[in-house]
Amino acid sequence: MNTLVGHDILTSDQFTLEELNLILSAAQQFETIINAGGIVDVMRNRVLATLFYEPSTRTRLSFESAMLQLGGQVLSVADAKSSSSAAKGETLYDTGKMIEGYAHVAVIRHPREGSAQELANGAGIPIINGGDGAGQHPTQALLDLYTIQKETGRLEELTVTLVGDLKYGRTVHSLAPLLARFGTRFMFVAPLELAMPAGITNQLREQGVEVVEMNDLGEAVQQSDVLYVTRIQKERFADPAQYETLKGAYVVDRSLIEQARPELTIMHPLPRVDEIAVEVDSFPGAAYFRQAANGVMVRMALLALVTGRI
Ligand code: CP
């Protein structure tokens, strides 16, 4: 039973276990059909609006690719901050009221935490959060889950290291609570100034999840099944000088990966700057470009599910 019909997708902790399985299995089915050269056009006569107030390559293009591969159509505002009526002072609530007349489902990315909820408050169509400031990026977490399952063969009982900017990195804020539901043991590796917010770490520990905060990335990598690397989020720093002192704090290179278990899966939501050396791309476990490609299948599943087309 599809319990996601008509629902907004705003945070990664909104899903039941049944809904997670539904999304992952729908994505898997779409992938099987597409890889066999089949057509899945369940979104015929449906329109997706993509409203991006912040830069994106993967999220916007993969949502648009997903909709087109489902036989639907796309209305896109790629630079909504300056090219939409937001520049004239229109609120997200009013924008929501407008887009429900133009589209059947919408994706928003915005620099402000809580923005997707504001749009959803006005809109009578499903709103999908494509990243709200340092808050949440739930569809990234879903495609991360899908990737981990594909790459490692399981979701249960993994040891996962999250490294980099755990303070501002919305992808890890969404991914950690999802993985915790499958018994993940975590290692958090970050400069002190960019540690995982205490609210998230404390909540995980209260649930009985093992979380080890450490500085030594080499030690963490040796124990890990999955290494999830994040970019230092330059755009979130109030003080550019602080970014300069913290950038390059952790770099994943060949010498680090040679210390790891041979089956290590290396992930990154991308874009990368300098935190994974290009020499790592040729390692079999370097999954980050495959991870980005998986976004299309997972977003196909979400679009079809929230609009009740499957
Ligand atoms: N991973 C991700 O959200 O990438 P974009 O910023 O390119 O959408």
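Colleague: What makes the link between the side chains of H137 and T59 a polar contact?

Modeller: The two side chains come to 3.4 Å. A polar contact is a pair of N or O atoms within 3.5 Å; within protein, one must be able to donate a hydrogen and the other to accept it, and residues adjacent in sequence count only if both atoms are side-chain atoms. The 3.4 Å of H137 and T59 falls within 3.5 Å, so the pair qualifies. Keep in mind that this is a predicted model, where local features need pLDDT of at least 70, side-chain atom pairs count only at pLDDT 80 or more, and totals for chains, interfaces and linings use all residues. Residues are numbered from 1 along each chain as its sequence is written, and side-chain values use heavy atoms, with hydrogens and water left out.

Colleague: Where is H137, and is H137 buried or exposed?

Modeller: H137 sits in the loop between β4 and α6 (138-152). Its relative accessible area is 3%. Buried means under 20%, exposed over 50%, partly exposed in between (1.4 Å probe, protein chains only). At 3%, H137 is therefore buried.

Colleague: Which residues are around the ligand?

Modeller: S56, T57, R58, T59, R109, H137, Q140, P269 and L270. The test is one heavy atom within 4 Å of the molecule.

Colleague: What polar atoms of T57, R58 and Q140 lie by the ligand, and at what distances?

Modeller: T57 places a backbone N or O atom 2.7 Å from a ligand oxygen. R58 does so at 2.9 Å, again with a backbone N or O atom and a ligand oxygen. Q140 uses a polar side-chain atom, 3.0 Å from a ligand nitrogen. The protein covers 91% of the 260 Å² of accessible area that the ligand has on its own. Areas come from the Shrake-Rupley method with a 1.4 Å probe; for residues, only the protein chains shown count as cover.

Colleague: L270 is on that list. Why does L270 count as buried?

Modeller: L270 has 12% relative accessibility, so it meets the buried cut-off. L270 is in the loop between β9 and α12. Its phi is near 65 degrees, a positive value in a residue other than glycine. A cis peptide bond joins L270 to P271, with omega about 5 degrees.

Colleague: What is the phi of N45, and where is N45?

Modeller: Near 65 degrees, positive in a residue other than glycine. N45 lies in the loop between α1 (17-35) and β1. At 65% relative accessibility, N45 counts as exposed.

Colleague: Why does K97 count as partly exposed?

Modeller: K97 has 38% relative accessibility, which puts it between the two cut-offs. K97 belongs to helix α4 (residues 92-99). Its C-alpha atom is 23 Å from that of T59, 38 residues apart along the chain.

Colleague: How do you know that strands β1 and β2 pair?

Modeller: Strands pair if DSSP finds at least two bridges between them. β1 (residues 47-52) and β2 (residues 73-77) have five, in the parallel sense. T50 stands opposite S76 in β2. Helices (H or I, at least four residues) and strands (E, at least two) are DSSP runs, numbered from the N terminus.

Colleague: What handedness does the crossover from β1 to β2 have?

Modeller: Right-handed; the chain passes through helix α2 (residues 58-69). The term means that, with the strands pointing away from the viewer, the path from the first strand over the helix to the second runs clockwise. β3, helix α5 (residues 115-122) and β4 also make a right-handed β-α-β unit.

Colleague: How many bridges join β3 to β4?

Modeller: Four; β3 (residues 105-110) and β4 run parallel. H110 stands opposite D132 in β4. Strand β4 (residues 127-132) is mostly covered, with six of its six residues buried.

Colleague: Why do β2 and β4 stand at the edges?

Modeller: The open sheet has four strands in the order β2-β1-β3-β4, with parallel pairing. β2 and β4 each have a single partner strand, so one side of each lacks a neighbour in the sheet.

Colleague: What is the order of the five-strand sheet, and which are its edge strands?

Modeller: β7-β6-β5-β8-β9, open and parallel. The edge strands are β7 (211-214) and β9 (265-267), each pairing on one side only. β6 (residues 185-189) and β7 are joined by four bridges. V189 stands opposite M214 in β7.
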